[in-house]
Amino acid sequence: MDAIQQHMLDTYRAARLSEPAPPPPGRHDRAVLRDLYRHWLRHPPTRGPRDHSSPSSAPPGPSGA
């Protein structure tokens, strides 16, 4: 089921229950993306030094195991 079909179903249910209709899909996309971008500007992703002594970060051996 895609977003439009889900919205149609939710609108139908809201009408049957005498509730307000839900907002259409994608209505708040710009605001969400803008807020994510602002958060990224305030808290940029960082890469700390990697600990190469742990076995999980070691490259696989010649056998591939």
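**Exercise 1. In this predicted model, decide whether Ser-18 counts as buried, partly exposed or exposed, and describe its backbone.**

Solution. Begin with the accessibility: the relative value for Ser-18 is 70%, and the cut-off for an exposed residue is over 50%, so Ser-18 counts as exposed. Next, place the residue in the chain: Ser-18 belongs to the loop that joins helix 1 to helix 2, and it follows helix 1. Finally, turn to the backbone, where phi of Ser-18 is positive, at about 55°, although the residue is not a glycine. As background, most residues other than glycine have a negative phi.

**Exercise 2. Work out which helices and strands the chain has, and how the reach of helix 1 compares with the expected span.**

Solution. The chain holds two helices and zero strands. Helix 1 covers residues 3-16, while helix 2 covers residues 29-42. For helix 1, take the 14 residues and the rise of 1.5 Å a residue, which give an expected 20 Å; the distance from the first C-alpha to the last is 20 Å, close to that expectation.

**Exercise 3. Locate Gly-26, classify its exposure, and state how far it lies from Ile-4 in sequence and in space.**

Solution. Gly-26 sits in the loop between helix 1 and helix 2. Its relative accessible area is 43%, which falls between the limits of 20% and 50%, and therefore Gly-26 is partly exposed. Along the sequence, Gly-26 and Ile-4 are separated by 22 residues, whereas their C-alpha atoms are 10.0 Å apart in space.

**Exercise 4. Identify the residues of the nonpolar surface patch and of the positive surface patch, and examine one member of each.**

Solution. The nonpolar patch consists of Val-32, Leu-33 and Leu-36, which together have about 300 Å² of accessible area. From this patch, take Leu-36, a residue of helix 2: because its relative accessibility is 52%, Leu-36 counts as exposed. The positive patch is made up of Arg-30, Arg-34, Arg-38 and Arg-42. From this second patch, take Arg-34, which also lies in helix 2; with a relative accessible area of 42%, Arg-34 is partly exposed.

**Exercise 5. Find what share of the chain is buried, and what share of its accessible surface belongs to carbon and sulfur atoms.**

Solution. The chain has 65 residues, and 2% of them are buried. Its accessible surface amounts to about 6,400 Å², and carbon and sulfur atoms account for 58% of that area.

Definitions and conventions: Residues numbered from 1 in each chain as written. Predicted model: local features only at pLDDT ≥ 70, side-chain atom pairs only at ≥ 80, totals over all residues. Heavy atoms only, no water. Patch = residues over 30% accessible without salt bridge, like charges linked within 9 Å, V, L, I, M, F, W, Y side chains within 5 Å. Areas by Shrake-Rupley, 256 points an atom, 1.4 Å probe, with all protein chains shown as cover. Salt bridge = Lys/Arg side-chain N within 4 Å of Asp/Glu carboxyl O. Helix = DSSP H or I, 4+ residues; strand = E, 2+ residues; numbered from the N terminus. Buried < 20%, exposed > 50% of the residue type's maximum accessible area, 1.4 Å probe, protein only. Lys, Arg positive; Asp, Glu negative; His and termini not counted. Charge placed at Lys NZ, Arg CZ, Asp CG, Glu CD. Expected span 1.5 Å × (residues − 1).
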